[in-house]
Amino acid sequence: QVQLVESGGSLVQPGGSLRLSCAASGIAFSSYAMAWYRQAPGKSREQVAGISSGGSTNYADSVKGRFTISRDNAKNMVYLQMNSLKPEDTAVYLCKVKFTNYWGQGTQVTVSS
């Protein structure tokens, strides 16, 4: 059974940083591309960052230069380092195994003073 468990969400002030983690189990993790999505109230879910099995990365224009996705195949973990956070980054952040329907439950990030 595939499980994805996110952690690291919190309330943070504008300009601050957070590191989200996603622990994966039940899959051959190193073989799969992974992605972070976010969903803000009243908005569609959007992909913010993706990482291939080989480590190639891509980012939404809105987070490019501020967010960094990485993975640790030995630990079956994928991370999202978020810097220079803005109020518009407020959302539930979800981890996903790309090209599948496997999602985590999400972790709340709130950027507010």
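## Two loop residues with positive phi

Ser84 sits in the loop between strand 8 and strand 9. This is a predicted model. In it, Ser84 has a positive phi of about 50°, although Ser84 is not a glycine. Is Ser84 buried or partly exposed? Ser84 is partly exposed, because its relative accessible area is 42%, and the partly exposed class runs between 20% and 50%.

Asn76 also has a positive phi, near 55°, and is a residue other than glycine. Asn76 belongs to the loop between strand 7 and strand 8. Its relative accessibility is 25%, so Asn76 counts as partly exposed.

## The overall fold

Now step back to the whole chain. How many helices and strands does the chain have? There are zero helices and eleven strands. Along the sequence, the pattern reads β-β-β-β-β-β-β-β-β-β-β. The radius of gyration is 13 Å, close to the 13 Å that the globule rule gives for 113 residues, so the chain is as compact as a globular protein of that length. The C-alpha atoms fill a box of roughly 40 × 25 × 25 Å along the principal axes.

Contacts tell us about the path of the chain. Take the contacts with a separation of 6 or more. Of these, 54% join residues 24 or more positions apart.

## Surface and charge

Buried residues make up 43% of the 113 residues. The accessible surface of the chain is about 5800 Å². Carbon and sulfur atoms account for 46% of that surface.

The chain carries 11 positive and 6 negative side chains. The centres of these two sets lie 3 Å apart.

## The nonpolar core

In soluble globular proteins, nonpolar side chains tend to be buried together. Here, the largest nonpolar core has 29 residues. Which residues have the most contacts inside this core? They are Met34, Trp36, Val78, Leu80, Met82 and Tyr93. Several elements give two or more residues to the core, including strand 3 (18-25), strand 4 (34-39), strand 8 (77-82) and strand 9 (91-97). Strand 5 (46-51), strand 7 (67-72) and strand 11 (107-111) are also among them.

Look at Met82. Leaving out residues up to four places away in sequence, Met82 touches Gly16, Ser17, Leu18, Leu20, Arg66, Phe67, Tyr93 and Val109.

## Val78, inside strand 8

Val78 lies in strand 8. Its relative accessible area is 0%, so Val78 is buried. What does Val78 touch, not counting residues up to four places away in sequence? Its partners include Leu20, Ser21 and Cys22. Phe29, Met34, Trp36 and Ile51 are also among them. So are Ile69, Ser70, Arg71 and Cys95.

Val78 and Ala91 make a contrasting pair. These two are 13 residues apart in sequence and 18 Å apart in space, C-alpha to C-alpha.

## Two buried residues in a loop

Phe29 lies in the loop between strand 3 and strand 4. Is Phe29 buried or exposed? At 2% relative accessibility, Phe29 counts as buried, because buried means under 20%. Setting aside residues up to four places away in sequence, Phe29 touches Ala24, Met34, Arg71, Asp72, Asn73, Asn76, Met77 and Val78. Phe29 and Met77 are 48 residues apart in sequence, with their C-alpha atoms 8.4 Å apart.

Ile27 also lies in the loop between strand 3 and strand 4. Its relative accessible area is 15%, so Ile27 is buried. Apart from residues up to four places away in sequence, Ile27 touches Val2, Tyr32, Asn76 and Val97. Asn76 thus appears again, as a contact of Ile27 and of Phe29. The C-alpha atoms of Ile27 and Gln1 are separated by 8.0 Å, though these residues are 26 apart along the chain.

## Thr57, at strand 6

Thr57 is found in strand 6 (residues 57-59). Its relative accessible area is 39%, so Thr57 is partly exposed. Which residues does Thr57 touch, not counting those up to four places away in sequence? They are Gly50, Ile51 and Ile69. The C-alpha atoms of Thr57 and Ile69 are separated by 7.1 Å. Along the chain, Thr57 and Ile69 are twelve residues apart.

Ile51 and Ile69 link back to the earlier picture. Both are touched by Thr57, and both are touched by Val78.

Key. Residues are numbered from 1 along each chain as its sequence is written. This is a predicted model: local features need pLDDT of at least 70, side-chain atom pairs count only at pLDDT 80 or more; totals for chains, interfaces and linings use all residues. Side-chain values use heavy atoms; hydrogens and water are left out. Helices (H or I, at least four residues) and strands (E, at least two) are DSSP runs, numbered from the N terminus. The radius of gyration is taken over C-alpha atoms; the globule rule is 2.2 Å times the number of residues to the power 0.38. Buried means under 20% relative accessible area, exposed over 50%, partly exposed in between (1.4 Å probe, protein chains only). Contact means heavy atoms within 4.5 Å. Accessible areas come from the Shrake-Rupley method with a 1.4 Å probe; for residues, only the protein chains shown count as cover. Lys and Arg count as positive and Asp and Glu as negative; His and the chain ends are not counted. The place of a charge is taken as NZ of Lys, CZ of Arg, CG of Asp or CD of Glu. A nonpolar core is a set of buried Ala, Val, Leu, Ile, Met, Phe, Trp, Tyr and Cys residues joined through side-chain atoms within 4.5 Å.
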